[in-house]
Amino acid sequence: VLPCVQVGGELGAESSKLSGKRRAPGFKVAILGAAGGIGQPLAMSMKVLHLYDVVNAPGVTADISHMDTGALVRGFLGQPQLESALTGMDLVIMPAGVPREPGMTRDDLFNINAGIVRTLGEGISKCCPNAIVNLISNPVNSTVPITAEVFKKAGTYDPMRILGVLGFDPRKVSVPVVGGHSGVTILPLLSQVKPSCSFTPQETEYLTNRIQNGGTELVEAKAGTGFATLSMAYAAVKFADACLRGLRGDAGVIECAFVASQVTQLSFFASKVRLGRGGAEEVYQLGPLNEYERNELEKAKKELAGSIQKSISFITKLT
Ligand code: NAD
């Protein structure tokens, strides 16, 4: 275990910087995959940290500890230190694994990240089974069901505490994004945008495609030099902050997340959720959909069903 570095201040997450709200007190947060493109800026923005990675955790921990943010930072390197990193955590944020390279499909990602997420999930279910888990590792449509299966096997499954983070971060405009986290499974409900506005069919089609392909757009724009890291880390900080405000007992904390669900016939589905001490304490229905959205929903459900089934088989075939 790397030295614990305290730069003053209380043990808590920095929720004031981004949200302008009061700091959530006393919660312990672990980041798994802390040395990565998302993990590092995410670590910079949170305050109490157990930083775990299979590489470079000491360097990132030292770097973060040189910031006068009142942070208590500890670094943990490699599998033998995973349990120490996780014990006693209230929130575990997981951007561990590989990101999508140009030309890679989310199925290619599955083959690499499924095993990583399973191992880390086993650690969480053992060392901090009551923690809220924020899954960033892709493909989120699969990593959430995999983690759920791991928790079920461990006998510690609480469906409302395992939340897939959707990397959308409109600051002033609120667009419910439901369904899942890849291509056609991402369904922005533009008819429910706040502040309300209307779109022509062409605009709806264009915006829906842009939102569905935001990740690919970034991968292409960075031309092989990077992925959606900064914007995703920013979105992850906002989502973690919302989870911590929920844990503190704040009312009306609502975000979209990919979670165990009865909103459709699928066992996992992304929709608006109300975050509280128990994780996603309320999972909201989709609300009224227009014809375009109803059609898109059918496409999303078809593809999602395959991802969920594949994830469940991935765990059950190992038993
Ligand atoms: P990255 O390669 O920069 O970082 C990943 C980190 O995970 C690395 O530091 C690596 O050492 C670490 N890692 C690998 N195996 C590990 C293990 N077994 N235990 C702990 N750490 C391990 O990648 P990135 O750009 O930070 O992306 C991380 C993940 O987030 C990818 O799967 C990516 O596809 C996903 N992502 C999700 C969203 C979203 O909206 N949910 C958006 C962007 C990226």
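This is a short talk about helix 6 and the elements around it. The model is predicted, so keep that in mind throughout.

Start with the helix itself. Helix 6 covers residues 140-154. How far apart are its end C-alpha atoms? They are 21 Å apart. At 1.5 Å a residue, 15 residues should span 21 Å, so the two values agree. Just after the helix comes Gly155, with a positive phi near 75°.

Next, burial. Of the 15 residues in helix 6, 12 are buried, so the rest of the structure largely encloses the helix. The cut-off here is 20 or more other C-beta atoms within 10 Å. Which residues are they? Val140, Asn141, Ser142, Thr143, Val144, Pro145, Ile146, Thr147, Ala148, Glu149, Val150 and Phe151. Note that Glu149 is on that list.

What covers them? The cover includes two helices, helix 5 and helix 10. It also includes strand 8, strand 9, strand 12 and strand 13.

Take helix 5 now, residues 106-127. Its axis comes within 9 Å of the axis of helix 6, and the two cross at roughly 40°. The crossing is right-handed. On the helix 5 side, the contact residues include Phe110, Ala114, Val117, Arg118 and Gly121. They meet a set in helix 6 that includes Thr143, Ile146, Thr147, Val150 and Ala154. By class, this contact has 7 nonpolar, 6 polar and 3 charged residues.

Now helix 10, residues 291-316. Here the axes come within 8 Å and cross at roughly 35°. This crossing, too, is right-handed. Helix 6 brings Asn141, Ser142, Pro145, Ile146, Glu149 and Val150. Helix 10 answers with residues including Leu304, Ser307, Ile308, Lys310 and Phe314. The split is 8 nonpolar, 4 polar and 2 charged.

Look at Ser142, Ile146 and Val150. They appear in the contact with helix 5, and they appear again in the contact with helix 10. Remember the general rule: an α-helix has 3.6 residues a turn, so residues three or four places apart point the same way.

Last, two of the covering strands. Strand 8 is 132-135 and strand 9 is 162-165. How do they run relative to each other, parallel or antiparallel? They are parallel, joined by 3 bridges. Val133 sits opposite Ile162 of strand 9. In strand 9, Ile162 and Gly164 point one way, while Leu163 and Val165 point the other. Are these four buried or exposed? All are buried.

Key
Residues are numbered from 1 along each chain as its sequence is written. This is a predicted model: local features need pLDDT of at least 70, side-chain atom pairs count only at pLDDT 80 or more; totals for chains, interfaces and linings use all residues. Axes are lines fitted to C-alpha atoms, for helices over the stretch in contact, and angles run from 0 to 180 degrees between N-to-C directions. A crossing is left-handed if the near helix is turned anticlockwise from the far one by less than a right angle, and right-handed if clockwise. Two residues are in contact if their C-beta atoms, placed from the backbone, lie within 7 Å. Ala, Val, Leu, Ile, Met, Phe, Trp, Tyr, Cys and Pro count as nonpolar, Asp, Glu, Lys and Arg as charged, and the others, Gly among them, as polar. The expected span of a helix is 1.5 Å times one less than its number of residues. A residue is buried if 20 or more other C-beta atoms lie within 10 Å of its own, exposed if 12 or fewer, and partly exposed in between; C-beta atoms are placed from the backbone. Two strands pair if DSSP finds at least two bridges between them.
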